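Hi,

Here is the structure I promised to pass on. Have a look at it first, and my notes follow below.

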Amino acid sequence: YRQCASLEQDHGIRISRQTLVDALMASGNLMQALVKPLKADLLAGGYIQADETTVPVQSAAVRGRNHRGYLWQYGRPGGPVVFDFQMGRSREGPKTLLQGFQGWLQSDGYSAYAQLGEGIRHAGCLVHARRYYFEAAQLSPTAPEPREMLGLFAQIYAVEEEAREAGLLPPARLELRQARSRPLMETLKRRASEIHKAALPSSKIGEACAYTLSQWERLEQFLNDGILEADNNLCENGMRPIALG
C-alpha cells in the first residue's frame, strides 16, 4: 500500500497492490533456488547463531485477529543466513532445519534450542544475561548491585572491543580472553551467586542472577573457543527490521 502511494505521489505511476504483490511473490519463488546451497553452506560451517521473532499471520484457523507465527533466523557471522518461517515456536522448527548439523549453536536460553542433536554444542549470549540487570537497574536506579554487575559486563565488552579494533583472529582473540576476560567472568559468577542468595527470588535482580547462573555453562563458552562471539547480537540485529515491522 505504501509503495503504491509513493509511486503515484512521487512519480505519477499507478500500479495496483495486486500487481506489486504478484511481482514480490514471483521474485520470492525465483530466490528459492538460493536457499538449498545457502543452507548446505550454513550447516557445514560448524557455528550457527539462532534467534526468532513473531510475525502476524492471516489464518482461517483464527477468527477476529492474526495468528502469531514465528520467523527464525540461522546465520554464521560473516557467512550465510537462512530464515525459516514456522506457525509456532516449538522445538520442531529448529530441530528440522538443523538436522545433521554438528558444531556450535549460539542462542538465548529458550528451551526450544536444547536437545536438538548429539553433535550440537551450545553457547550462550551475554547480551541476554546483561539485559536482566539493565531492567533491574531501571527499576531500582539507586541499588548498587545492578550497577556493579553492569560494570562487569562493560569491562568484558571492552575486551571484545579491543579484539575487534585490533582485527584479532580467533587464536589471538582466545588468548586475550583467557588473560583478561576469564577473571572478569569468574568475578561475575561469584557476585551473581552472592547477590542471588541475598535477593528475593521474585525481584528483578534475583531473576537476573538466576538466569545468569542457570545459563553459566553456555555463557562462558566464548572463553574456550576464539571463533565464538560473546553474544548473539549479529543474529538479533538481523531480526530487528522484522520486529520493527
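What covers the buried residues of α9? Before the answer, a quick reminder that this is a predicted model.

Helix α9 spans residues 233-243, and its buried residues are Cys235, Glu236 and Met239. They sit on the same side of α9, because the arc they cover around the axis is only 90°. The cover over these buried residues includes the strands β1 (47-57), β2 (67-75) and β3 (81-86), along with helix α4 (126-139).

Cys235 deserves a second look. Its relative accessibility is 2%, so Cys235 counts as buried. The closest cysteine sulfur to that of Cys235 belongs to Cys125, at 9.4 Å, which is too far for a bond, given that a disulfide needs the two sulfur atoms within 2.5 Å. In fact, the structure holds zero disulfides. Another cysteine, Cys4, also counts as buried, because its relative accessibility is 11%; the cut-off for buried is under 20%.

Now back to α4, which also packs against helix α7 (residues 204-214): their axes come within 8 Å and cross at roughly 170°. The two helices are therefore roughly antiparallel to each other. On the α4 side, the contact is made by His128, Ala129, Tyr132, Tyr133, Glu135, Ala136 and Leu139. From α7 come Lys204, Ile205, Ala208, Cys209, Tyr211 and Thr212. Sorted by class, the residues in this contact are nine nonpolar, two polar and two charged.

Happy to talk it through whenever suits you.

Best wishes

How values were computed
Residues are numbered from 1 along each chain as its sequence is written. This is a predicted model: local features need pLDDT of at least 70, side-chain atom pairs count only at pLDDT 80 or more; totals for chains, interfaces and linings use all residues. Side-chain values use heavy atoms; hydrogens and water are left out. Buried means under 20% relative accessible area, exposed over 50%, partly exposed in between (1.4 Å probe, protein chains only). Helices (H or I, at least four residues) and strands (E, at least two) are DSSP runs, numbered from the N terminus. The arc is that of the directions from the helix axis to the C-beta atoms. Contact means heavy atoms within 4.5 Å. Axes are lines fitted to C-alpha atoms, for helices over the stretch in contact, and angles run from 0 to 180 degrees between N-to-C directions. Angles under 35 degrees count as roughly parallel, over 145 as roughly antiparallel, 65 to 115 as roughly perpendicular and the rest as oblique. Ala, Val, Leu, Ile, Met, Phe, Trp, Tyr, Cys and Pro count as nonpolar, Asp, Glu, Lys and Arg as charged, and the others, Gly among them, as polar.
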